[in-house]
Amino acid sequence: MDPSTTLPLIVTLAVLAAAVTHAIWNAIAHGIKDQTLAFALIGVGGTAAAIPLIIATALPRPASWPYLLASVAIHVFYVLLLMQCYRLGEFSQVYPLARGVSPLVVTILAAVLLHEHLALPQIAGVIVVSAALAFLVFGGRRPGRGAFLAAVGTGLTIAAYTMADGVGVRLSHSPAGYIAWLMLLQSLCVPMFALIRRRGVVLKQPPRILLSGLAAGALSVLAYGLVRETSVIFGAIIGALVFREPFGRTRVTATILVVGGIMLLNIG
């Protein structure tokens, strides 16, 4: 068998698996009504999954730590905004919007701040993905103003930590170590808050809720670093099948456009 034909398939399957994983852990978070509890459990699960990675990987180099710590701070705002998204909006709307804002913003910031330029097919891909995600969001009932603003804010924080991590990983000389420390430090924030302010609520939860939240945290670590915007497709499908949210012709068309846009992004 020709390795040149098997490697792209392996990479594609890995990316799709990460996208599914990312959509699933977000769906679990949305499904737990108490969002503080949900993200506290996810933080505990993420911490538990990150510790073995820290033990097994090299420590990131000192030059990467300012970016790592900045990313931790941005991730805290990301979690707070994501909690608001899931309190106020439908999963199949706010999740695609939050994930869709980031590629366009990252492209602009990379061009302005890092002097990185995309080829024409990749620019077209960003435009197509962003337009398709707009169709996904507005194809059914429009989100309320609060949900819309929270989702856009979430997308901006995704773009911000993507930029910080892009530089930090390059300087770390240990990408896995960088991700492990990032996930550990950012995962601790919400559980510490919940332990201080919501301890009684956490202890009263049924085992099903506790286990699902912890599993979502472990899945979030698994998905980080591999996830692509294809996760919005699975997020929209989960919203339709699990949460009974609308998924008509417009959103089906939009998912096809998302795939086409991602193919353009991978040219070059």
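Guide: Helices (H or I, at least four residues) and strands (E, at least two) are DSSP runs, numbered from the N terminus. The model is predicted: local features need pLDDT of at least 70, side-chain atom pairs count only at pLDDT 80 or more, and totals for chains, interfaces and linings use all residues. Residues are numbered from 1 along each chain as its sequence is written, and side-chain values use heavy atoms, with hydrogens and water left out.

Visitor: Is G239 buried or exposed?
Guide: G239 is found in helix α11, residues 231–241. Its relative accessible area is 0%. Buried means under 20%, exposed over 50%, partly exposed in between (1.4 Å probe, protein chains only). So G239 is buried.

Visitor: How far apart in space are G239 and H30, C-alpha to C-alpha?
Guide: In sequence, G239 and H30 are 209 residues apart. In space, C-alpha to C-alpha, the distance is 9.8 Å.

Visitor: What distance separates the end C-alpha atoms of helix α3?
Guide: Helix α3 covers residues 65–88, which is 24 residues. The expected span is 1.5 Å times one less than the number of residues, so 34 Å is expected here. The model agrees, with its end C-alpha atoms apart by 35 Å.

Visitor: Which residues have the most contacts inside the largest nonpolar core?
Guide: Such a core joins buried Ala, Val, Leu, Ile, Met, Phe, Trp, Tyr and Cys residues through side-chain atoms within 4.5 Å. The largest one has 33 residues, and those with the most contacts inside it are W25, F39, Y78 and Y86.

Visitor: Which residues of α10 does W25 touch?
Guide: Helix α10 spans 207–223 and gives two or more residues to this core. Contact means heavy atoms within 4.5 Å. Not counting residues up to four places away in sequence, W25 touches F39, I42, Y78 and L82. Within α10, it touches A216, L219 and S220.
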